[in-house]
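Colleague: I am new to this structure and would love a close look at one part of it. Could you walk me through the loop residues with unusual backbone angles, and then what lies around them?

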Amino acid sequence: MSQGQPRRPQQLAGQGENQEPIKYGDVFNVSGELANKPIAPQDAAMMQTAETQVLGQTQKGGTAAVMQSAATRNEQVGVVGHNNITDIAGEQGVSVAETDVAGRRIITEAVAGQVVGQYVQATPVMTSQVGAVQQNAITIGEALEATAKTAGDKPVDQSDAAAVQAAEVRATGSNVIIPGGLAATAQSAAAHNATLDRDEEKIKLNQVLTGATAKLPADKAVTRQDAEGVVSAELRNNPNVATHPGGVAASMAAAARLNENVNA
């Protein structure tokens, strides 16, 4: 299993006599209210339960383990109690979701709607060597297909369209927008949605990105440079200057990290 590595709580603790709590923003790439909240024991317990229900067990070094380590330290220094739960986590919950894409199982973990962990497991391919697993780098098309599942219900807006266009340009190596292609379809969807008020009437990401690999005339493995270009495009076109959890930019960034881990 590969994963983007959060900052470990022990790297933050033990610096002098610092009694500051370990907050979500210290160990996960989150923003807003959640980033400033201390990780509480019952938050970690919820994530452990979710991992066990979906994955069969908690993951060694995974999100639940990191949260438990941080919560234990916070309890030891007296900033949270054993039965405490962070209000935003209690209200909005935690989630662990599995998405099967092109022979891989992508696991996305979230707290209060913000992605705190994304992992990939290769689906085993039996060979003459028992237990051998064949795993290739994740392509741009596959990352876009993952978005169709992790954020498929999101109405397409201009930031999504810009991110899809940047991804298509990276995949094809051409700045020419392909008529009827992914970028053109996303741009059309964003323009259409801008005229509507009700989200249920708007075109969603899964309607644009499902089967993305087949819709691209060319494809390539996602690199860090590809991901940075897509993240930049999504940020520039979002009034809040933020990327959407599980969206195009987030999926590309996760794919790039996972590819680096595979090739390490």
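**Two loop residues, a strand and a cavity**

Modeller: Happy to! Let us begin with Val 241, which is exposed, because its relative accessible area is 58%, over the 50% cut-off. This model is a predicted one. Val 241 sits in the loop that links helix 12 (224-236) with helix 13, and its phi is positive, about 50°, even though Val 241 is not a glycine. Most residues other than glycine have a negative phi.

Ala 112 is another non-glycine residue with a positive phi of about 50°. Ala 112 counts as buried, because its relative accessibility is 10%, under the 20% cut-off. Its place is the loop between strand 3 and strand 4 (114-122).

Strand 3 itself covers residues 104-111, and 7 of its 8 residues are buried, so the rest of the structure largely encloses it. Strand 2 (residues 94-101) runs antiparallel to strand 3, and 8 bridges join the two. In one of these pairings, Ala 97 has Thr 108 of strand 3 as its bridge partner.

Now back to helix 13, this time for the cavity. Searching the whole structure turns up 1 cavity of 30 Å³ or more, with about 60 Å³ of space inside. Its lining includes Ile 106, Gln 118, Ile 138 and Ser 251. Helix 7 (140-150) and helix 13 (248-263) are the elements that give two or more residues to this lining, and helix 13 provides the largest share, 4 residues. By class, the lining has 7 nonpolar and 2 polar residues, with no charged ones.

How values were computed: Residues are numbered from 1 along each chain as its sequence is written. This is a predicted model: local features need pLDDT of at least 70, side-chain atom pairs count only at pLDDT 80 or more; totals for chains, interfaces and linings use all residues. Side-chain values use heavy atoms; hydrogens and water are left out. On a 1 Å grid over the protein atoms alone, a cavity is a set of points where a 1.4 Å probe fits but cannot get out, and a pocket is an open set with protein on both sides within 12 Å along at least five of seven lines; lining residues have an atom within 4 Å of a point. Grid points are joined across faces, edges and corners, and a volume is the space filled by probe spheres set on the points. Ala, Val, Leu, Ile, Met, Phe, Trp, Tyr, Cys and Pro count as nonpolar, Asp, Glu, Lys and Arg as charged, and the others, Gly among them, as polar. Buried means under 20% relative accessible area, exposed over 50%, partly exposed in between (1.4 Å probe, protein chains only). Two strands pair if DSSP finds at least two bridges between them.
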